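Trainee: Could we go through the ligand sites of this model one at a time? I would like the conventions stated as we go.

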Amino acid sequence: MENNTNKPNKAGGLPSVQSTIKHLLRSNRTKENIKNLLRVNQSDGFDCPGCAWGDNKNGTFQFCENGAKAVAWESTDKRVDADFFAQYSVSQLMKQSDYWLEYQGRLAQPMRYNKKTDHYEPLSWHDAFEIIANKLNTLSHPDEAEFYTSGRASNEASYLYQLFGRIYGTNNFPDCSNMCHEASGIALTQSIGVGKGTVVLDDFDCADSIFVFGQNPGTNHPRMMNALRKAARSGCKIVTFNNLKEVALEKFASPQDPKELLAASATTISHCYFTPKLGGDMAAVRGMVKAVIEQHSASIDIDFIEQHTNGFDTYIESVKRTDWSKIEIQSGLSKRQIEQAAQVFALSKNVISCWAMGLTQHKHSVDTIREIVNLHLLTGNLGRKGAGLCPVRGHSNVQGNRTMGINEKPTAAFIERLEQYFTIELPKQSGHNVHAALKALYQKHIKVLICLGGNLAAAAPDSDFTFKAIKNAELNVQISTKLNRSHLLVSEDALILPCFGRTELDKQKSGIQKITVEDTFSMVHASTGKTTPVSEQCLSEVDIVAQIASYTLGNKAIGTSPYTWTELRDDYAKIRTLISQTIVGFTDFNKKIETPCGFHLTNSAALLTWNTNSQKAEFNCSDLPTSILSDNLSDALTYTDSTVFTLQSLRSHDQYNTTIYGMDDRYRGIKGERKVVFINPDDAKQLNLSDGDTVDIQSICNDGVKRVVNGFKVVFYEIPRGNLAAYYPETNPLVAIDSYGEQSFTPASKSIAVVLQKSATAIEVAT
Ligand SMILES: Nc1nc2c(c(=O)[nH]1)N[C@H]1C(S)=C(S)[C@@H](COP(=O)(O)OP(=O)(O)OC[C@H]3O[C@@H](n4cnc5c(=O)[nH]c(N)nc54)[C@H](O)[C@@H]3O)O[C@H]1N2
Ligand SMILES: Nc1nc2c(c(=O)[nH]1)N[C@H]1C(S)=C(S)[C@@H](COP(=O)(O)OP(=O)(O)OC[C@H]3O[C@@H](n4cnc5c(=O)[nH]c(N)nc54)[C@H](O)[C@@H]3O)O[C@H]1N2
Ligand SMILES: [Mo]
């Protein structure tokens, strides 16, 4: 039996330019879009809303196919306004697909849900703010409100949002990070005292090898492909660990290189490509450590270990205790393969390790990431040019959100600085992350849900549970650009507050406003939108947040600061002044963002300063997990006689998280559909399944809840036996709410225990 034969043999190249053009033409604002693309990531332009990869702002034209899709998607002539909502009831909209909902256009005026008619109806901004303020002011405790944030919100908007939420009285700040890189932040903070990556973009030019774990940059961080391609061409060895053979990590043709654009040539990216089992990376890296100790002791950096680390002896004991047979079984890789990877690592002077969701969305993600740090500490691969750790962040400002205080567990020092500057008292106890927020909503402990962007309903796990939970909010407020599922889970009262997108001109009393963002390399820089906002009735995120705050708390000076909420809205430089006074690293903020490249926030670990209790970098001594599945799943395996698979849920090439741009996944050879499940042909044979058959996927869990999705087409694919892959968010109904990462509470959406059954019913056709 053959694997999917439609899969191309290289990524990038002409098809990616053709796809870019197709998306530009489709959006019926082609001229605006082309102008917009010329401004992406330019020093006087706007930050690409696509991903958090950094850029060097050296004047070169910097956009990618998927960045172009994100820009074109925002800039459309279609409008979702009063007429639209008069035409469709919420129940009717609920029946539409996520793709259809977003495709209807930009939200164009504030709307309120009328439960008697089951329609959204227009209202004034004044009335909207009053409704929110009245509701918030009548709650019996501020902890009855949740303030969700998605990672596109600017530094200015998120700073105001957290300041308002905290002065109002809560630390309930669930955010998309809770479902994304939470484990990276926790692991890095525990190991090296700072929850961010230690490298900058230039380091990629100086690395001798780059390890890429559980990440698909060809689709999700296409600009990273330029860095990998450049490195590979200059002799740097790229080693990939990915459950699937992702074509961009095998061969990539740069659309910017005329030779590769038009000819059949492409650059080989990965020097070695390993396909571990889902959740097998901790075992693989533990094996690499073992091999380094056994075969490459010269690469162990004793001076670094002595001077900078704590826990080495205990760690070595746990490495010795781990036997190769367990490593091989759990990783799905042979000892020889792991030794090969270890050899590249050990013989390289400078190594960078990158990772994304393939590592962070498992039960033992924190320990997996800490194992990578262990390997870097063992060999001293930290804190010098070309060496270090690189969690590749998702949303374009998700890292900045956290820096600005969007964090349900703020540090005491963070709160103290705010309290001192404003002379106010703020709540100290931890608030809710996404998991706790959904649980509390489900139990009706929460009355108000406010979302600054995103699509919590479709992004969160256990759709049935999540939908009920969100519906329980007495007031559901969504600050958004496009219509999505989260607007439709309403019962009593709900508001849609339409805002500007990143590409749009933001004019306030003091003139045209800049906003700022922080990329994955901790570079902070300004972004200015240029196109006219889609509707006169849209407001900026900052404006909306400032007005919610001023209606709720009164428009007076905030604490002992010189500014009222609306004065901050009138001039964002004043927000940056507050940031410069209260957030570490932002002194002279307004001045620093005048430089085209922005400025770098100091990373203590990169300077070999360790903000841990021991003042040293900490080796983590955890043993390999007994099972890669959640505790509540492991024993559930005994509930079924069918073959149990581990399923990962991932992104296609034609989506941005819950936003679906189209039905193709070109790099995996999929056309015109999304309800597919990738399977190893030998596994399929055992289940008597042929390529193209339709199956129902049921997840197993010991909580007694039946979770099934129907009508997925079987696609033969190069994937380790026992593993499956299918797209998110279609598979979110399968992720049990209590199946999450230890410490991180991140849904374990890359290790879902499932069984397959041939569909009895007709296939549903995607619209
Ligand atoms: N165009 C586009 N860009 C995006 C996004 C988007 O949806 N579309 N989303 C943005 C966001 S918020 C994020 S967080 C990032 C996400 O970026 P990625 O992390 O690249 O996203 P996923 O599609 O979830 O891909 C996970 C990859 O890890 C592999 N994998 C899964 N499980 C394992 C495992 O256990 N071990 C190993 N070694 N590999 C594994 C999968 O095969 C896949 O290649 O992208 C950001 N950029
Ligand atoms: N099963 C499974 N689940 C997952 C994942 C997975 O890999 N598998 N990945 C997880 C990850 S990594 C993440 S980050 C989350 C994503 O979770 P979210 O960030 O909540 O979801 P998005 O799909 O990015 O949000 C899309 C919506 O954001 C709004 N929007 C877009 N631009 C703007 C803007 O500029 N301002 C405002 N205010 N709104 C805007 C639009 O209305 C759009 O409908 O999903 C998580 N869920
Ligand atoms: Mo993410």
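Trainee: How many residues of each class are in the shell around ligand 1?

Mentor: This is a predicted model, in which local features need pLDDT of at least 70, side-chain atom pairs count only at pLDDT 80 or more, and totals for chains, interfaces and linings use all residues. Residues are numbered from 1 along each chain as its sequence is written, chains are lettered from A and ligands numbered from 1 in the order in which they are written, and side-chain values use heavy atoms, with hydrogens and water left out. Ala, Val, Leu, Ile, Met, Phe, Trp, Tyr, Cys and Pro count as nonpolar, Asp, Glu, Lys and Arg as charged, and the others, Gly among them, as polar. On that basis the shell around ligand 1 has 10 nonpolar, 4 charged and 18 polar residues.

Trainee: Which residues are the closest to ligand 1?

Mentor: A residue belongs to the surroundings if one of its heavy atoms lies within 4 Å of the ligand. For ligand 1 there are 32 of these, and the closest are Asn242, Glu246, Asp281, Gln655 and Asn657.

Trainee: What lies 2.6 Å from a nitrogen atom of ligand 1?

Mentor: A polar contact is a pair of N or O atoms within 3.5 Å. Polar backbone atoms take part: that of Asn216 is 2.8 Å from an oxygen atom of ligand 1, and that of Asn220 is 2.8 Å from a nitrogen atom. At 2.6 Å from a nitrogen atom of ligand 1 is an N or O atom in the side chain of Asp281.

Trainee: How much of the accessible area of ligand 1 does the protein cover?

Mentor: Accessible areas come from the Shrake-Rupley method with a 1.4 Å probe. Ligand 1 has 930 Å² on its own, and the protein covers 99%.

Trainee: Which domains each give at least three residues to the shell around ligand 1?

Mentor: Domain bounds come from an automatic or database domain assignment. The shell around ligand 1 draws at least three residues from each of domain 2 (182–395) and domain 3 (631–766).

Trainee: Turning to ligand 2, what percentage of its exposed area does the protein bury?

Mentor: The surroundings of ligand 2 comprise 31 residues, with Glu102, Tyr148, Ser150, Glu541 and Thr658 the closest. A backbone N or O atom of Ile479 is 3.0 Å from a nitrogen atom of ligand 2, while a side-chain N or O atom of Arg651 is 3.1 Å from an oxygen atom of the ligand. Ligand 2 taken alone exposes 930 Å², of which the protein buries 96%.

How values were computed: A polar contact is a pair of N or O atoms within 3.5 Å; within protein, one must be able to donate a hydrogen and the other to accept it, and residues adjacent in sequence count only if both atoms are side-chain atoms.
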